[in-house]
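Welcome! Here are some short exercises to work through with the structure in view. Try each one before reading its solution.

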Amino acid sequence: MTMAENKFLKEAIKQGLRMQHRFLAEPVLARTGKGYMKSEGVATLQRIKAGMKKSRSA
């Protein structure tokens, strides 16, 4: 695995762990493995967008 691939994998895992609490299994669809993603709300989305703008400008 190259350094770039390793960096990408680490970032993907980090992002996945940050949002995994939002995924809810739907009991009716438990056999299919499908569910849905719980909404975080407007305040959370604004905070995320502000963080992304800061990281892009840095």
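**Exercise 1: A contact at the start of a helix**

In this predicted model, the side chain of Glu5 comes to 3.0 Å from the backbone nitrogen of Thr2. Find where Glu5 sits, and decide how well covered it is.

Solution. Begin with the place: Glu5 is part of helix H1. Next, take its relative accessibility, which is 46%. Buried would need a value under 20%, and exposed a value over 50%. Glu5 therefore counts as partly exposed. Finally, check the contact: a polar contact needs N or O atoms within 3.5 Å, and the Glu5 side chain reaches the Thr2 backbone nitrogen at 3.0 Å.

**Exercise 2: The overall layout**

How many helices and strands does the protein have, and what pattern do they follow along the sequence?

Solution. Count the elements to begin with: there are two helices and two strands. Then read along the sequence, and the pattern comes out as α-β-β-α. Now turn to the surface. The accessible surface is about 5500 Å², and carbon and sulfur atoms account for 62% of it. Of the 58 residues, 3% are buried.

**Exercise 3: A nonpolar patch**

Which residues make the nonpolar surface patch of about 440 Å²?

Solution. The patch is made by Met1, Leu9, Ile13 and Leu17. Look at Met1 in particular: it belongs to the segment before helix H1 (3–19). With a relative accessible area of 72%, Met1 is over the 50% cut-off, so it is exposed.

For the spacing of Leu9, Ile13 and Leu17 in the patch, a general point helps: an α-helix has 3.6 residues a turn, so residues three or four places apart point the same way.

**Exercise 4: Helix H2 and the loop before it**

What span does H2 reach, and is Ser39 in the loop before it buried or exposed?

Solution. H2 has 16 residues and spans 23 Å from first C-alpha to last, close to the expected 22 Å. Helix H2 is hardly covered, with one buried residue among its 16. Ser39 lies in the loop between strand S2 (35–37) and helix H2 (42–57). Its relative accessibility is 63%, so Ser39 counts as exposed. The C-alpha atoms of Ser39 and Arg22 are 7.4 Å apart, although 17 residues separate them along the chain.

**Exercise 5: Confidence**

Where is confidence lowest, and where is it highest?

Solution. The mean is lowest in S2, at 65, and highest in H1, at 91. Over the protein, pLDDT averages 78, with 72% of residues scoring at least 70. Where pLDDT is low, the predicted coordinates should not be read in detail.

Key: Residues are numbered from 1 along each chain as its sequence is written. This is a predicted model: local features need pLDDT of at least 70, side-chain atom pairs count only at pLDDT 80 or more; totals for chains, interfaces and linings use all residues. Side-chain values use heavy atoms; hydrogens and water are left out. Helices (H or I, at least four residues) and strands (E, at least two) are DSSP runs, numbered from the N terminus. Buried means under 20% relative accessible area, exposed over 50%, partly exposed in between (1.4 Å probe, protein chains only). Patches are made of residues with over 30% relative accessible area and no salt bridge: like charges are joined within 9 Å, nonpolar side chains (Val, Leu, Ile, Met, Phe, Trp, Tyr) within 5 Å. Accessible areas come from the Shrake-Rupley method with a 1.4 Å probe; for residues, only the protein chains shown count as cover. A salt bridge is a side-chain nitrogen of Lys or Arg within 4 Å of a carboxyl oxygen of Asp or Glu. The expected span of a helix is 1.5 Å times one less than its number of residues. pLDDT is the predictor's confidence in each residue, from 0 to 100. A polar contact is a pair of N or O atoms within 3.5 Å; within protein, one must be able to donate a hydrogen and the other to accept it, and residues adjacent in sequence count only if both atoms are side-chain atoms.
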